[in-house]
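Visitor: I'm new to this one. Could you show it to me and let me ask a few things?

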Amino acid sequence: MVPMNEIRAWANAAFDALEAAGAEGLEPADGGYWMLDTVEAWDLSRLPEPMTGDLADDVGDIRRDLAGFAHIRGEIAWHTLDHLIGVLAALSQQNKIRLGIAEGKD
């Protein structure tokens, strides 16, 4: 098992590296992207149906989740995490663009 504190340290290290490279944040207006439902993504017995996600929707839902619950309960943490996937993917894409290994908005 990978302990939660190790996973948290990975995320903090990645965010620290992005900030050190000059990243200041994320522009939610960057728009839509392709995604997979997390349940389907882990079922390798069949092809998943791609869906679209929206970064502004992700940010809004995460903010609502965190405002509505002082401590995210296990029953709804999946919702916040599903939206966090879009935010993390957008940060990765922004970093790739900055490094010149992907095309897109600067």
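Visitor: Let's start with a side chain. Is Arg 64 buried or exposed?

Guide: Keep in mind that this is a predicted model. To count as exposed, a residue needs over 50% relative accessible area. Arg 64 comes in at 53% relative accessibility, so the verdict is exposed.

Visitor: Which residue forms a salt bridge with Arg 64?

Guide: Side chains of opposite charge can pair when their charged atoms come close. Here the closest N and O atoms are 2.4 Å apart. The two partners sit three residues apart in helix α3 (residues 55-68), so about one helical turn separates them. The partner of Arg 64 is Asp 61.

Visitor: And that partner, Asp 61: buried or exposed?

Guide: The cut-off for buried is under 20% relative accessible area. Asp 61 has 13% relative accessibility, so we call Asp 61 buried.

Visitor: How many salt bridges does a search of the whole structure find?

Guide: We've just met the one between Asp 61 and Arg 64. There is also one where the side chains of Arg 46 and Asp 43 meet, at 3.4 Å from N to O. Arg 46 is partly exposed at 47% relative accessibility, and Asp 43 is partly exposed too, at 27%. For the whole structure, the search gives two.

Visitor: What pattern does the protein follow along the sequence?

Guide: Let's begin with the parts: there are four helices and two strands. Helix α1 covers residues 4-20, and helix α3 covers residues 55-68. Reading along the sequence, you get α-β-α-β-α-α.

Visitor: Which residues make the nonpolar surface patch of about 410 Å²?

Guide: One of them is Met 4, which has its place in helix α1. Met 4 has a relative accessible area of 59%, so Met 4 counts as exposed. The full set is Val 2, Met 4, Ile 7 and Trp 10.

Visitor: What share of the protein's residues is buried?

Guide: Picture the C-alpha atoms filling a box of roughly 40 × 35 × 30 Å along the principal axes. The protein exposes about 8000 Å², with carbon and sulfur atoms supplying 61% of that. Out of 106 residues, the buried share is 21%.

Visitor: Last one: how far apart are the mean positions of the positive and negative charges?

Guide: The protein has 8 positive and 19 negative charges. Take the mean position of each set, and the distance between the two is 3 Å.

Terms used: Residues numbered from 1 in each chain as written. Predicted model: local features only at pLDDT ≥ 70, side-chain atom pairs only at ≥ 80, totals over all residues. Heavy atoms only, no water. Salt bridge = Lys/Arg side-chain N within 4 Å of Asp/Glu carboxyl O. Buried < 20%, exposed > 50% of the residue type's maximum accessible area, 1.4 Å probe, protein only. Areas by Shrake-Rupley, 256 points an atom, 1.4 Å probe, with all protein chains shown as cover. Lys, Arg positive; Asp, Glu negative; His and termini not counted. Charge placed at Lys NZ, Arg CZ, Asp CG, Glu CD. Patch = residues over 30% accessible without salt bridge, like charges linked within 9 Å, V, L, I, M, F, W, Y side chains within 5 Å.
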